[in-house]
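User: I am new to this structure and would like a close look at a single part of it. Please take one place as the start and work outwards from there in one connected answer.

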Amino acid sequence: MTIAEWCVFGTLMLYLLTIASVKWAGHRHFDNARPRDPAFYEDAIRARALGAHQNGIEAFPFFAVAVLLAEFRLGPQHLIDELAVLFLIVRIAYVFTYLGNRPTLRSILWSIGFAINIAIFFLPAIRGYLPA
């Protein structure tokens, strides 16, 4: 497996751990029979963790498709790997800014992550213009 493919897995685990951690930390208040109970998410940190989790679900498909497309279409693997690692780092920072209630920085990080996805997606199209 490539580094980029491991980053796809890491991104998946990140959005799962984001919500699992608040459910585990609030185990006394969390009812597994009603995992989507809105009352559990009335607490501000839990609500932000849910938001980060949902955004992770939204961001994951484009990232996974971009990585796989770039690899299948023979984009420069070292660039795919580097951008994928950068995306994962940005997503980790994004989760922390979401949990820490830093909306402006969070939006900046989201935009950077989206730009990284665009770059990965178009690597095969521009590979002829990149230095060897």
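**The salt bridge and the helices**

Analyst: Asp-37 is buried, because its relative accessible area is 17% and the limit for a buried residue is under 20%. This is a predicted model. Asp-37 forms a salt bridge with Arg-34, and the closest N and O atoms of the pair are 3.1 Å apart. A search of the whole structure finds one salt bridge.

From here the account turns to the helices. Helix 1 covers residues 3-25 and has 23 residues. At 1.5 Å a residue, helix 1 should span 33 Å, and its end C-alpha atoms are 31 Å apart, so the expected and modelled values agree. Helix 1 also has a bend of about 25 degrees, placed at Leu-17.

Several residues of helix 1 are buried: Ala-4, Cys-7, Val-8, Thr-11, Leu-14, Tyr-15, Thr-18, Ile-19 and Val-22. The cover over these buried residues includes helix 2 (44-72) and helix 3 (77-99).

Helix 3 also holds Thr-97. Thr-97 counts as buried because its relative accessibility is 9%, against a limit of under 20%. What does Thr-97 contact, leaving aside its neighbours within four places in sequence? The contacts are Arg-102, Leu-105, Arg-106 and Leu-109.

The next helix is helix 4, made of residues 103-126, and Trp-110 has its place there. Trp-110 has a relative accessible area of 38% and is therefore partly exposed, since that class lies between the 20% limit for buried and the 50% limit for exposed. Trp-110, Phe-114, Ile-118 and Phe-122 make a nonpolar surface patch of about 360 Å².

Ala-115 is another residue that lies in helix 4. Its relative accessibility is 44%, so Ala-115 counts as partly exposed. Ala-115 and Phe-87 are 28 residues apart in sequence, and their C-alpha atoms are 9.3 Å apart in space.

To return to the start, the part looked at closely is the pair Arg-34 and Asp-37, joined by a salt bridge, with Asp-37 buried at 17% relative accessible area. Thr-97 in helix 3 is likewise buried, at 9%, while Trp-110, at 38%, is partly exposed.

Methods
Residues numbered from 1 in each chain as written. Predicted model: local features only at pLDDT ≥ 70, side-chain atom pairs only at ≥ 80, totals over all residues. Heavy atoms only, no water. Patch = residues over 30% accessible without salt bridge, like charges linked within 9 Å, V, L, I, M, F, W, Y side chains within 5 Å. Areas by Shrake-Rupley, 256 points an atom, 1.4 Å probe, with all protein chains shown as cover. Salt bridge = Lys/Arg side-chain N within 4 Å of Asp/Glu carboxyl O. Helix = DSSP H or I, 4+ residues; strand = E, 2+ residues; numbered from the N terminus. Buried < 20%, exposed > 50% of the residue type's maximum accessible area, 1.4 Å probe, protein only. Expected span 1.5 Å × (residues − 1). Bend = angle between axes of the 7 residues up to and from the residue. Contact = heavy atoms within 4.5 Å.
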